[in-house]
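Q: Please take a close look at one helix in this model and at the salt bridges that involve its residues. A connected account with the surroundings would be useful.

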Amino acid sequence: MTDITQSQHAQPDRSFGWWDMFVRPEDDPRSDGGFVGELDTLVGYLRDQRLTLEMKCAGLDAEAMARRSVPPSNLSLLGLVRHLADVERHWFRQVMAGQDVPRRYRTAEDPSGDFDGAVPDLEAVAEAWRSWRAEVAFAERFVDEASSLDVTGTDGDEPVALREILVHMIEEYARHNGHADFLRERIDGRVGQ
């Protein structure tokens, strides 16, 4: 038997059970669809994706939040929170609202600062969540106050509609929540809903 075959046989069989899930269905804060209209649908699915990120990180200490996936990757749950804070800030403050504000973690000198700066420190974790929640709150206010989904911002020299930003944000969270599934399973075996 090769080493690979032996290690595959050493892995426990996976089976479904509530012991490794985040919440029971009746306690899940996310919606079960049922949205009416385009705006409600886009906002509802984005809200659910944001809640999913919070669920994937729930109950972890600073060390677990900053734990890297596998070398040479710098991916971690804390890095994802920092990255998504910057993504929210970019699309809603910079592009849609036209604010001249820098990103929180990424810079021209350190384009991977959102992930590279994710260190196992309680204050670093708390600060990342504060930043992410502040950016989400700004985005939610912006969408609530927008006259329509056709409101445009400017990305570089190109106009971009709020509708497109919301779809992009759903995609961004969905992709990174997939990463979060694997990161969390590696930390403590909990698997994604």
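A: Aspartate 188 is partly exposed, with a relative accessible area of 36% in this predicted model. Its side chain meets that of arginine 184 in a salt bridge, at 3.0 Å from N to O. Both residues belong to helix H7, and because they are four residues apart, about one helical turn separates aspartate 188 from arginine 184. Arginine 184 has a relative accessible area of 1% and is therefore buried, the cut-off being under 20%.

Helix H7 spans residues 162-188. Another of its acidic residues, aspartate 181, forms a salt bridge with lysine 56, and the closest N and O atoms of this pair are 2.4 Å apart. Lysine 56 lies in helix H2 (residues 38-57), so the contact ties together parts that are 125 residues apart in sequence. The two partners differ in exposure: lysine 56 counts as buried at 2% relative accessibility, whereas aspartate 181 is partly exposed at 24%.

Arginine 163, also in helix H7, forms a salt bridge with aspartate 150, with 2.7 Å between the closest N and O atoms. Aspartate 150 sits in the loop between H6 and E1, and the pair links parts of the chain 13 residues apart. Arginine 163 counts as partly exposed, at 28% relative accessibility. A search of the whole structure finds 15 salt bridges.

The hairpin comes next. Strand E1 (residues 152-155) and strand E2 (residues 158-161) pair in the antiparallel sense over four bridges. Threonine 154 has proline 159 in E2 as its bridge partner. Two residues lie between the strands, and glycine 156 takes a positive phi near 70 degrees there. Aspartate 157 is in the loop between E1 and E2 and is exposed, with a relative accessible area of 75%. On the surface, Asp157 gathers with Asp155, Glu158 and Glu164 in a patch of negative charge.

As for the chain as a whole, it holds seven helices and two strands, and from the N terminus on the elements run α-α-α-α-α-α-β-β-α. Buried residues make up 41% of its 193 residues. Helix H6 covers residues 122-145 and includes leucine 122, which is exposed at a relative accessible area of 66%. The C-alpha atoms of leucine 122 and methionine 65 are separated by 9.6 Å, although the two residues are 57 apart along the chain.

Terms used:
Residues are numbered from 1 along each chain as its sequence is written. This is a predicted model: local features need pLDDT of at least 70, side-chain atom pairs count only at pLDDT 80 or more; totals for chains, interfaces and linings use all residues. Side-chain values use heavy atoms; hydrogens and water are left out. Two strands pair if DSSP finds at least two bridges between them. Patches are made of residues with over 30% relative accessible area and no salt bridge: like charges are joined within 9 Å, nonpolar side chains (Val, Leu, Ile, Met, Phe, Trp, Tyr) within 5 Å. Accessible areas come from the Shrake-Rupley method with a 1.4 Å probe; for residues, only the protein chains shown count as cover. A salt bridge is a side-chain nitrogen of Lys or Arg within 4 Å of a carboxyl oxygen of Asp or Glu. Lys and Arg count as positive and Asp and Glu as negative; His and the chain ends are not counted. The place of a charge is taken as NZ of Lys, CZ of Arg, CG of Asp or CD of Glu. Buried means under 20% relative accessible area, exposed over 50%, partly exposed in between (1.4 Å probe, protein chains only).
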